[in-house]
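Open the model in your viewer and keep the selection panel at hand. Each stop below tells you what to pick and what you will find there.

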Amino acid sequence: MKWLNPQCAPFEISGFPFYKQELLYRRLPLNPGSQIPEAVYGLADETAGGQIRFHGKLKKLCLQVTLSGKPPFFDNTPTAPHLAGTNKRSFDLYLSKDGKEYIYCDVAKGSKEGDHYYTTTLFGLEEAEEFDFLLNFPLYGGVDRVLIGVDDEAEISAPHYQFKTDKKIAVYGSSIQQGACASRPGLGLCNILSRWMHTEFYNLGFNSSGKAEAEMAELISRIPDLSALIISIEGNCPDGVWLDEKLRAFLEIFRKQYPVLPVIILPFILSGFESLNPVAYAKRTSYRQIQEKIVSDRRAAGDENIFCLLQDDALEKEVCGNSVWHECTVDTVHYNDLGYYWVAQLLYRFLTENLGL
């Protein structure tokens, strides 16, 4: 068995906007240049959206993972919704023979809360086989170091199937965009879309902390080579006034750097509970109307590349004659795997068919 550092060629690291400058598994710079919210600064260590890609002919693939000493967000929040350990600490693995279809292989299992180090085997065959390999970083929790173990005879090279474009798509938002409560990393929204679109995505979802502050607009606008920005932040806003004022200001700042980049606003879904509760229904509807009005006002002022997509439109209404649209969350807010799949379909179709990305 030989152990290889994926930060060295021929491995390719993607999903971290500032990786080339800092060589850290981190979603924002260590020195962002402005006073971004403290919670966001800390959550940037959580590795949602990070990927390791390479080509290999091998019989066995193992990982040695050293986790950050800082516990994942949900470890300190006993009242938070259920989050699988395979979301918080684990890598998962996809394989491709043709670059078009990536097949799920396995997820790292066995690490426990409090563990800062683990080893795992993700792939094993009697005879060497040739694939493109895609490893997804944990959605919650940080990774200080990872080594990839392969059999001594393994042949490793750069991925044969590269992203189809150098342009990236950024997704800014809340815990939902970060990945709560996908059962494992590959089922988070950004990772699904990255596989389907063969495009690099930046996961800028910050649990309880994506609130459209001006400092975040300025920082995100400094990310180069974007082809689209997706924003979904209403769940973190304390009230409708904040949502209205902060999102309008955020867009003004972002447009100074990216005046015509497609921007997609995603209001939250109307959950099953909210559909039955008049007070909750009114609040969710009012938040939706605020965001639709912001988009309408900007388009009337000449910003033709801003859009509002309703995630409810993505939900399957029934299966075998039975109502299923309300089954997409864990706790009426955070998506389960089914919810992420449905919303990924909505965004995939819009990004590819409407925007040509």
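Select Gln51 in this predicted model. Gln51 sits in strand 3, which covers residues 51–67. Is Gln51 buried or exposed? Gln51 has a relative accessibility of 3%, so it counts as buried.

Show the side chain of Gln51 with its polar partners. A polar contact of 3.4 Å links it to the side chain of Asn191. Another polar contact of 3.4 Å links the side chains of Gln51 and Ser194. Now widen the selection around Gln51. Leaving aside neighbours within four places in sequence, its contacts include Glu12, Ile13, Ser14, Leu134, Leu135, Asn136, Phe137 and Phe163.

**Strand 3 and its neighbour**

Add strand 6, residues 117–136. Strands 3 and 6 run antiparallel and are joined by 15 bridges. Pick Arg53. Its opposite residue in strand 6 is Leu134.

Stay on Arg53 and add Glu12. The two form a salt bridge, with the closest N and O atoms 3.5 Å apart. Glu12 belongs to strand 2 (residues 12–14) and Arg53 to strand 3, so this pair ties together parts that are 41 residues apart in sequence. Compare the cover on each partner. Glu12 is partly exposed, with a relative accessible area of 26%. Arg53 is buried, with a relative accessible area of 6%.

**Helix 5**

Next, select helix 5, residues 189–197. How many of its nine residues are buried? Eight are, and the helix is mostly covered. The buried residues are Leu189, Cys190, Asn191, Ile192, Leu193, Ser194, Arg195 and Met197. Asn191 and Ser194 appear in that list, and both are in contact with Gln51.

What do the buried residues of helix 5 pack against? Display strand 3, strand 4, strand 6, strand 9 (168–173), strand 10 (200–205) and helix 10 (337–354) to see the packing partners. Then step past the end of the helix to His198. Its phi is positive, near 55 degrees.

**Strand 4, from both edges**

Select strand 4, residues 92–96. Five of its five residues are buried. Look at the side-chain directions. Asp92, Tyr94 and Ser96 point one way, while Leu93 and Leu95 point the other way.

Strand 4 pairs with strand 6 through five bridges, in the antiparallel sense. Pick Leu95, whose bridge partner in strand 6 is Phe133. Then pick Ser96, which stands opposite Asp132 in strand 6.

Now add strand 5. Strands 4 and 5 pair antiparallel over four bridges. Here Leu95 stands opposite Ile103. The two strands form a hairpin with six residues between them. Click on Gly99 in the turn: its phi is positive, about 80 degrees.

**More salt bridges**

Side chains of opposite charge can pair when their charged atoms come close. The whole structure holds 15 salt bridges. Select Glu129 and Lys97 for one of these. Their closest N and O atoms are 3.4 Å apart. Glu129 lies in strand 6 and Lys97 in the loop between strand 4 and strand 5 (103–107), so the pair ties together parts that are 32 residues apart in sequence. Glu129 counts as partly exposed, at 33% relative accessibility.

Move on to Arg298 and Asp303. Their side chains meet in a salt bridge of 2.9 Å, N to O. Arg298 and Asp303 are both buried. Then select Asp244, Arg248, Lys293 and Asp297. Salt bridges with shared partners join these four residues into one network.

**Two loop leucines**

Pick Leu270, in the loop between strand 12 (263–265) and helix 8 (272–276). Leu270 is buried, with a relative accessible area of 16%. Leaving aside neighbours within four places in sequence, it is in contact with Ser275, Tyr281, Arg284, Arg288, Asp312 and Trp325. Add Thr285, 15 residues away along the chain. The C-alpha atoms of Leu270 and Thr285 are separated by 8.0 Å.

Finish with Leu24, in the loop between helix 1 (19–22) and helix 2 (38–43). At 32% relative accessibility, Leu24 counts as partly exposed. Turn on the surface and add Leu30 and Tyr41. Together with Leu24 they make a nonpolar surface patch of about 220 Å².

Definitions and conventions: Residues are numbered from 1 along each chain as its sequence is written. This is a predicted model: local features need pLDDT of at least 70, side-chain atom pairs count only at pLDDT 80 or more; totals for chains, interfaces and linings use all residues. Side-chain values use heavy atoms; hydrogens and water are left out. Patches are made of residues with over 30% relative accessible area and no salt bridge: like charges are joined within 9 Å, nonpolar side chains (Val, Leu, Ile, Met, Phe, Trp, Tyr) within 5 Å. Accessible areas come from the Shrake-Rupley method with a 1.4 Å probe; for residues, only the protein chains shown count as cover. Buried means under 20% relative accessible area, exposed over 50%, partly exposed in between (1.4 Å probe, protein chains only). A polar contact is a pair of N or O atoms within 3.5 Å; within protein, one must be able to donate a hydrogen and the other to accept it, and residues adjacent in sequence count only if both atoms are side-chain atoms. Contact means heavy atoms within 4.5 Å. Two strands pair if DSSP finds at least two bridges between them.
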